Every structure is written in structure tokens, then in C-alpha cells.
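Got a minute to look at a protein model together? Here is a short briefing to read alongside the picture.

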Amino acid sequence: HMHGIGEWMLSYRYMTMDMENLVKGSDTTSTVAAGYNMLPAEMTMDMHMFGAMHAISDKWTLMGMLNYLDNDMDMKMGMMTSSVESSGLGDLRFSGLYDLASWDNGRRVHLNVGISAPTGSIDEKSAGDILGYGMQLGSGTWDFLPAITLLGQTDNYSWGAQAGGVLRMGDNDRDYSLGNRFDAVLWGARKLSDSFSLSAKFDYFSQDEIDGLDAEIDARRTAMMDSPGFDPASYGRDVSTFGLGLNYYCRKGTFKGHRLAVEWETPMSEDVNGVQLETDSIWTLGWQYAW
């Protein structure tokens, strides 16, 4: 969203995503039918997102965001079970939001133009061995982040739609690039009181498989440890989700102007490339403060 000239906003969001059950395409698969000798059993990804926004004019709002990730995955190979983890800073994002048009009836449309800097590690290891692509902390590439956003608001309702994506600009220094991604989302909110509102959203994203391969990861795949986590063809998916949220805005007292929110998401449909873990649920807790 846009801000008025001179306004600042700080934000923090904590997101946790659980993944379990193997799927091949859109169907649940057995370990035998999966065709790999080492398979993921479950994965949890926790992400801390720190953001800042500042409006330098009535037309331009600048935004920066930095993530801290904590990934944990359980693996099975025959009767053996092991666990790997990675944690650290992710990629740094900068964006500019440009006001394209505003109307008196509470509607506006703005353009998002951003870039992602490859600050997240793509060299994460466990016990000296390189981890799979999904356990790395960044893309390793400079990425272009275009989007367009439509917003509307009345006394009791607000709604919006956004379409955007992530375009990878070349390969990283390990000779691969994560797949390009397209996102589309529709959302709406209903005011329950002066402080509380209830929101709902539909989200869709499509991400391509990995282009190229990491020679060190591929060496693990071919050395009796064939796993979808080491296979570029087992990355990327099409997912549709539904989410519900509860939002609170403090209007008086010490915390006047602070916003708190919680949101739960669950997939409605999911079609993965190759063999992957299925998304179970996503929870997000958020805080915002503007002045």
C-alpha cells in the first residue's frame, strides 16, 4: 500500500510453513513409486520478515525488506532417518511503489517495481555436505520484482487484487537459477468494530523448475543418494490457497497506531514438478506501526 508524503512505517512478520506427505504431480505417492532412494519426510520453514516503508512524495513510496530463515527437514533412506537444518539471512529486497491513479470513491492503483539482491547464502552445508536447493537461504541471483496492485475501500469494507512475479536475471555462481514465479492474489476485509476487522484471501502462484544444476549437489545425487531435494526437476509448483485473517488496530493508549494481525492459509489445490512434500498449513503473525 502507498503512504502519504513524509510518512514512515515499520513492520515485522513471522511466518511458519509446515510441509509433509509426498506428492507426485497432484497425487499422493508412496516411497516406492516416488523413484528415489532418499526422500524427505517433513519440513518446517520459519521466516522472520523485517520491513520499512517511506513516502518520498505523494507519488512514490519506497520499501525495503530483509528476511531471516530457519529451515528444518527430516529425511528417510531405507530404515534410517536423519535431520538437516539451515538458518540465516535471506535475500534483501528493495521496491518502489508508484501511484498510477486514484479516485474519489476510495479506489487506487499503483505499480510495484523492485529488485532482490542475492544476500542469502547458497552454500549451506550439513556435516560438510552441501544441502539441497530447497534448504539454501537465497536465490544467488539478482531478481526483478514487478507487480501491479488495485485497492478499494469504503467505510466498512476494503478489498484488493495484485498480480506480480519474480524474474531471475541469469544464473548464480553455482550455475543454476531458481524458476521464475508468477503470483496473483484477491483479498477483502470487513470491519467488525473500530479496532477489529476480519479478512479473507485467495492466492495463486506458479513457479518453474530450476534451470541448470549445482555440480556439488548433483554429485551427491549420483553418489547413491538420489533424492528429490538434489534434483532440479523436483522444484517448482502451482498452488492455490485460501486464507483467513484477524486484524487489530490500537486507537488509544500507549500503543496507539500499532497494528497486529494473524492469518492462516491452507492449499485448495497443489500440482508439483517431480516429487515434493505437500504444503500443510501456513501461519503468519504481523505487526505494523506508521507515523
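**Strands side by side**

M75 has S82 as its bridge partner in strand 5. That is one small piece of a bigger pairing: strand 4 and strand 5 run antiparallel and are joined by 17 bridges. Keep in mind that this is a predicted model. The points below start with these strands, then move on to the surface, the rings and two backbone oddities.

**Hairpins**

- Strand 4 and strand 5 make a hairpin, and two residues sit between them.
- In that turn, G78 has a positive phi of about 65 degrees.
- Strand 5 also pairs with strand 6 (residues 108-117), again in the antiparallel sense, over 10 bridges.
- If you want to find a spot in that pairing, look for S95, which stands opposite G114 in strand 6.
- Strand 5 and strand 6 form a hairpin too, with five residues between them.
- The turn there holds G106, whose phi is positive, at about 90 degrees.
- T81 is another residue to find in strand 5.
- T81 counts as exposed because its relative accessible area is 55%, and the cut-off for exposed is over 50%.
- T81 and M38 are 43 residues apart in sequence, yet their C-alpha atoms are 9.6 Å apart in space.

**A nonpolar patch on the surface**

- Which residues make the nonpolar surface patch? They are F94, L100, L111, V113, I115, W142, F144, I148, L167 and M169, and the patch covers about 860 Å².
- Strand 5, strand 6 and strand 9 are the elements that each give two or more residues to this patch.
- Strand 6 gives the most, with three residues.
- V113, one of the patch residues, is found in strand 6.
- With a relative accessible area of 37%, V113 is partly exposed.
- In a regular strand, side chains take turns pointing to the two faces of the sheet.

**Aromatic rings**

- How many aromatic pairs does the structure hold? There are seven.
- W60 and Y98 form a tilted pair, with 5.0 Å from centre to centre and 50 degrees between the planes.
- W60 belongs to strand 4 (residues 60-77) and Y98 to strand 5 (residues 80-102), so this pair ties together parts that are 38 residues apart in sequence.
- W60 is partly exposed, at 35% relative accessible area.
- Y98 is partly exposed as well, at 28%.
- Y133 and Y235 make an edge-to-face pair, because their planes are at 80 degrees, with ring centres 5.5 Å apart.
- Y133 sits in the loop between strand 8 (129-130) and strand 9 (143-153), while Y235 sits in the loop between helix 2 (215-222) and strand 15 (237-249), so the pair ties together parts that are 102 residues apart in sequence.
- Are Y133 and Y235 buried or exposed? Y133 is buried, at 4% relative accessibility, and Y235 is buried, at 17%.
- Why does 17% count as buried for Y235? The cut-off for buried is under 20%.
- Y133 and Y235 also belong to one aromatic cluster with Y176.

**Charges over rings**

- R107 has its charged end over the ring of W103, 5.0 Å from the ring centre.
- R259 does something similar with Y249: its charged end sits over that ring, 4.4 Å from the centre.

**Two backbone oddities**

- Most residues other than glycine have a negative phi.
- N21 is not a glycine, but its phi is positive, at about 70 degrees.
- You will find N21 in strand 1 (residues 8-24).
- N21 counts as partly exposed, at 45% relative accessibility.
- D175 has a positive phi of about 70 degrees too, and D175 is not a glycine either.
- Where does D175 lie? Look in the loop between strand 10 (157-168) and strand 11 (176-177).
- D175 is exposed, with a relative accessible area of 53%.

Key: Residues are numbered from 1 along each chain as its sequence is written. Side-chain values use heavy atoms; hydrogens and water are left out. Helices (H or I, at least four residues) and strands (E, at least two) are DSSP runs, numbered from the N terminus. Buried means under 20% relative accessible area, exposed over 50%, partly exposed in between (1.4 Å probe, protein chains only). Rings of Phe, Tyr and Trp (its six-membered ring) pair if their centres lie within 6.5 Å; planes under 30 degrees apart count as stacked, over 60 as edge-to-face and the rest as tilted. A charge sits over a ring if NZ of Lys or CZ of Arg is within 6 Å of the ring centre and within 35 degrees of the ring normal. Two strands pair if DSSP finds at least two bridges between them. Patches are made of residues with over 30% relative accessible area and no salt bridge: like charges are joined within 9 Å, nonpolar side chains (Val, Leu, Ile, Met, Phe, Trp, Tyr) within 5 Å. Accessible areas come from the Shrake-Rupley method with a 1.4 Å probe; for residues, only the protein chains shown count as cover. A salt bridge is a side-chain nitrogen of Lys or Arg within 4 Å of a carboxyl oxygen of Asp or Glu.
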